[in-house]
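Got your viewer ready? Load the model below and follow along, one selection at a time.

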Amino acid sequence: MTDSAAALTRDQRIAARLASRHASELRFKALGFFAVALSALVLAFLLVTMTSNAVGGFKRAEVRFPLDLSGGLLTVDPAQLNGDDALRVLEGAGLRDVVQFAAAKALGDKAAAEIDSEGWREVADQIVSKPALLNTIFDVSVAASDDLASGLRGEGQPAIVAMARDLAGKGQLHTALDLGFLTRSDATSPQSVGIWGALKGSMLTMLVTLALAFPIGVFTAVYLEEFAARNRWTDLIEVSINNLAAVPSIIFGLLGLAVFLGVFPYWRSAPVIGGMTLALMTMPVIVISGRNAIKAVPPSIRDAALAIGASRVQTVFHHVLPLALPGILTGTIIGMARALGETAPLLMIGMKAFVATPPDGFTSPSSVLPVQIFLWSDEIDRGFVERTSAAIIVLLLFLLVMNSIAIYLRNRFENRW
């Protein structure tokens, strides 16, 4: 074989290897694009499905009819409606019976029996917000019963469906945006349920979790990375923390049930117990991310601080920790997001109770959004299915707001340093 032929063969082999490498690179790019596109499609499908189902969850069936308060039917002094007992004053004046009579007069006795028994409270709130409505005639819209709402969807008994269609044809039954879903608490009827009680419970629980997990986790990471001696006890602690981060969440619920409720038995289902339980689950994540963030700070920062006379503590807290804070906040975001969506540990400590009023404080009985969603999803009524999707959207928005605040703080510290 001549030199020219050998060179040609070598060039051909090099060209073949280059073509193979380029083909591999194109295949890798195609697989990466396919993975990203598939993830985006799955996420879009999830969001579109949840949003389409949640549209009905933010609405409810309402019955509209005129309410005649002229002629002194309610002997109420408008000055009495300024206090906290305004609702009791209107109830004592007979507003419940007046609303029921007006509904029977406008809709008929059978249809009037299908309005929510607590609908008069919404009329009372309307009068309290605008006392000038006393001694006037005005239209009111109150929640329909569950059966009538099902009839409006074409479900239920034929007589109820026919009644719903007749009222809808007359404009007396309609579906309206239910802003009260964001201000009410749990109830036995899908027409009357609200998410505020569980949302407030989640806020209080997350505050307790953050107040406990963040400082303890950060100080633990600082001590292990900057001050602890390197020996077998430190290695044992590190292994234990890594194992705790992988422990199933229900184990922390059992720990909270055995320890926290054993010490505070009267705080069952309280946000403070839920927060302490979730703090145990979140701390290992913050410790691990905090150690990695501290370890990523260049050694030259420490050497420079020590060279100009700073003590070891000043070096850590004035120079190293501020530089590591963005990474620590990233771990905190991940840990808090995981804690926000947990259900199993909170079920173990009793936060699945039916709570009809929002919690007054950290020790009041409460529920949280994930548990509320779990309980509603187990109901048979289709109205609860729609409310479940709406609650999921509220949970996602709450998570988005919480993460946005944390990301803003992280970026602010990054810009400062």
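**Stop one: a shared arginine**

Select Arg291 and Glu225: they form a salt bridge, with 3.0 Å between the closest N and O atoms. Keep in mind as you go that this is a predicted model. The pair ties together distant parts of the chain, with Arg291 in helix H12 and Glu225 in helix H8, 66 residues apart. Both residues are buried.

Now add Glu238, from helix H9 (residues 232-245). Glu238 also forms a salt bridge with Arg291, and here the closest N and O atoms are 2.9 Å apart. Glu238 is buried too.

**Stop two: a charged network**

The structure holds 14 salt bridges. For another one, pick Arg387 and Asp178, whose closest N and O atoms sit 3.0 Å apart. Arg387 is in helix H17, while Asp178 is in the loop between strand S3 (173-177) and H8, 209 residues away along the chain. Arg387 and Asp178 are both buried. Add Arg60, Glu62, Glu122 and Arg184, and you have a network linked by salt bridges.

**Stop three: the nonpolar core**

Which residues have the most contacts inside the largest nonpolar core? Select Ile195, Ile273, Leu346, Leu369 and Trp376; the core has 37 residues. Helices supplying at least two of its residues include H1, H8 and H12. H17 gives the largest share, eight residues.

**Last stop: out to the surface**

Show Arg10, Arg13, Arg17 and Arg21, which form a positive surface patch. Arg10 belongs to helix H1 (residues 3-57). Its relative accessibility is 43%, so Arg10 counts as partly exposed.

Terms used:
Residues numbered from 1 in each chain as written. Predicted model: local features only at pLDDT ≥ 70, side-chain atom pairs only at ≥ 80, totals over all residues. Heavy atoms only, no water. Patch = residues over 30% accessible without salt bridge, like charges linked within 9 Å, V, L, I, M, F, W, Y side chains within 5 Å. Areas by Shrake-Rupley, 256 points an atom, 1.4 Å probe, with all protein chains shown as cover. Salt bridge = Lys/Arg side-chain N within 4 Å of Asp/Glu carboxyl O. Lys, Arg positive; Asp, Glu negative; His and termini not counted. Charge placed at Lys NZ, Arg CZ, Asp CG, Glu CD. Helix = DSSP H or I, 4+ residues; strand = E, 2+ residues; numbered from the N terminus. Buried < 20%, exposed > 50% of the residue type's maximum accessible area, 1.4 Å probe, protein only. Core = buried A, V, L, I, M, F, W, Y, C linked by side-chain atoms within 4.5 Å.
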